Every structure is written in C-alpha cells, then in structure tokens.
Amino acid sequence: MAREPLYKKAEAEMLRRIRSGTWPEGMRLGNEFELAEEFGVSQGTMRRALMTLEGMGHLHRKPGRGTIVARPAAPVTDAPDIDRLRGPDGAALDLEVFRSRHATRGPDAGEHALFGPGRLHDYARTLKSGGARFALEELHIPVSIAPEASEDLPADLADILDALGLTASRVEDRLHAEETSMSDAVALSVDRHTALLCLTRVAYDSYGAAIIRQVLRMAGPAGYGVTLGG
C-alpha cells in the first residue's frame, strides 16, 4: 500500500484540531515555518496543507495577519429529514439492536476518500423490528470525533447522532437492491436469495465533512418515503 503523503497527514491533524475545538474559531496560528517545525514537515509541504484547508473554508490566510481559524459554515436551520424508513403500516420503524460487534481500524480506500486517513469505529450489527430480525447494519464513525463511542449505540440514525452529541446538517441516502448470500440468510433467518432493500446513509456536519456512514441491508417489509416540493 502506498505511503500517505506528508501534506495529507498534516491536513488530517489540522482538521482534527479544528473540529475538536483544540484550534477554536478566531485562533491565530503560527507562520508556515513554525507550523512546519511543529508538524515535522517541510515549509512547502505545510504551505500545501494550509492552502487545502483554506480552500475548504477552515482557515483564513491574509497578508500581514497570518493564518486564522475560520468560522464554521452556518448550519442549516431545519434538521435534515432523517426518519424516512416506514413499516408496512406507514409508521416509523422501531429498530433495536439484536447482535453487535465493534472494533476500531484504519480506513480502506473508499473510506479514506470519505472520512480521511484517521481510524474508524467499525460496527457490524443485526437489527430487529417488531421482534423479528430485520436488517444487517454496517456503521462507521471517525474515532477523532467520537473517541469514546459506546458499544451499545442505538439503532436509529437520529438516536445515534444524539447519543454521540453530533449534529448533522445534511444526510445523503442511496438505495439499491440485492439478494442475500448464504451467511446473510442465516443471520437474518430468511430463505437464501431473499431480496434485500439496501440503504446507505451518510451524515455530514456543517463543514461538509462526513461524520457517520450507516449501511442497512433490510429483509423485513419496509418502505422509504420522501416529500417532494415545498
């Protein structure tokens, strides 16, 4: 596997400090030379990392004023429409965790592109609804924004965000269909080749950074609803 470029490591650490509040809004940072020395990289490498974060809106760089941590993008005034899953009766699904496995690990290539290079909480869970096995879930959360994430997180995305003290400004959903493998069928207690409704949900913070990805592969009866128009 190719080594991660030094400027990417510097970007990730600076972004972590901004998001965690270690570098609060309005803080004036050292000059390029001082930051390069602190991060153990060349001045050119640090300049590239600073330019990237400036382009993302996290920093302001002004001649004579130095580099200042920028105000976060204003969050949306309305909460994103998260509760789109419905049961056969049209009511919101009542999900509960049946089985759970939790670990932390480094990201794969796709996760690196979404979350960056930091370690991830990796949950693999079986969810129930109405007392029956309903879905297989994969849940990924950056360790940097939720270092003490519990093994006993709730099942619903809105409840997960609340339990972690996170606020989503936007949630993107993607749907597709697939059929169960043998191991899926056993885990969900359904017939082999049962059709699954698969929902991938990514929650973003007010900076536009991904904070949670949830993948639900659902065998139970479920609907997905959206409202069109204002």
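Let's start with β7, which is mostly covered: 8 of its 11 residues are buried. Keep in mind that this is a predicted model. What does β7 pair with? On one side there is β6, joined to β7 by 10 bridges, and the two run antiparallel. If you want a pair of residues to click on, take A124, whose bridge partner in β7 is E138. β6 and β7 form a hairpin with 2 residues between them, and in that turn G130 has a positive phi of about 60°.

β7 also pairs with β10, again in the antiparallel sense, this time over 6 bridges. A handy marker for that pairing is L139, which stands opposite Q214 in β10.

Now let's zoom out to the sheet that holds these strands. It is an open sheet of 6 strands, in the order β5-β6-β7-β10-β9-β8, with antiparallel pairing. Which strands stand at the edges? They are β5, residues 95-105, and β8, residues 170-179. Each has a single partner strand, so one side of each is left without a neighbour in the sheet. As for twist, neighbouring strands here are turned by 15° against each other on average, ignoring direction.

At the β8 end, the pairing with β9, residues 195-204, is antiparallel and runs over 10 bridges. There you can look for E179, whose bridge partner in β9 is A195. And what packs on this sheet? Helix α5, residues 157-164, does, touching β6, β7, β8, β9 and β10. The direction of α5 makes about 145° with that of β10.

A quick reminder for anyone colouring by strand: strands of a sheet pair through backbone hydrogen bonds, either parallel or antiparallel.

While we are around β9, have a look at the loop leading into this strand from α6, residues 182-188. S189 sits in that loop, and H193 is found there as well. For the backbone-minded among us, most residues other than glycine have a negative phi. S189, though, has a positive phi, near 60°. H193 has a positive phi too, near 70°. Are these two buried or exposed? S189 counts as exposed, because its relative accessibility is 56% and the cut-off for exposed is over 50%. H193 counts as partly exposed, at 48% relative accessibility.

Next, the other sheet. This one is open and has 3 strands, in the order β1-β3-β2, with antiparallel pairing. Its edge strands are β1 and β2, and each of them pairs on one side only. Here too a helix packs on the sheet: α3 touches β2 and β3, and the direction of α3 makes about 115° with that of β2.

Going through the pairings, β1, residues 28-29, meets β3, residues 66-69, over 2 bridges in the antiparallel sense. R28 stands opposite I68 in β3. β2, residues 59-62, pairs with β3 over 4 bridges, also antiparallel. There, K62 stands opposite G66, and L59 has V69 as its bridge partner.

Let me stay with α3 for a moment and pick out one residue. T45 is found in this helix, which covers residues 43-55. Why does T45 count as buried? Its relative accessible area is 19%, and buried means under 20%, so T45 falls on the buried side of the cut-off. Leaving out residues up to four places away in sequence, T45 touches L6 and Y7. The C-alpha atoms of T45 and Y7 are separated by 5.3 Å, although the two residues are 38 apart along the chain.

To finish, some numbers for the protein chain as a whole. How many helices and strands are there? The chain has 6 helices and 11 strands. Along its principal axes, the C-alpha trace spans about 65 × 45 × 25 Å. Buried residues make up 39% of the 230 residues. Of the contacts between residues at least 6 apart in sequence, 58% join residues at least 24 apart. The accessible surface comes to about 12,600 Å², and 50% of that belongs to carbon and sulfur atoms. On the charge side, there are 28 positive and 33 negative side chains, with the centres of the two sets 6 Å apart.

Definitions and conventions. Residues numbered from 1 in each chain as written. Predicted model: local features only at pLDDT ≥ 70, side-chain atom pairs only at ≥ 80, totals over all residues. Heavy atoms only, no water. Buried < 20%, exposed > 50% of the residue type's maximum accessible area, 1.4 Å probe, protein only. Contact = heavy atoms within 4.5 Å. Areas by Shrake-Rupley, 256 points an atom, 1.4 Å probe, with all protein chains shown as cover. Lys, Arg positive; Asp, Glu negative; His and termini not counted. Charge placed at Lys NZ, Arg CZ, Asp CG, Glu CD. Pairing = 2+ DSSP bridges. Axes fitted to C-alpha atoms, helices over the stretch in contact; angles between N-to-C directions.
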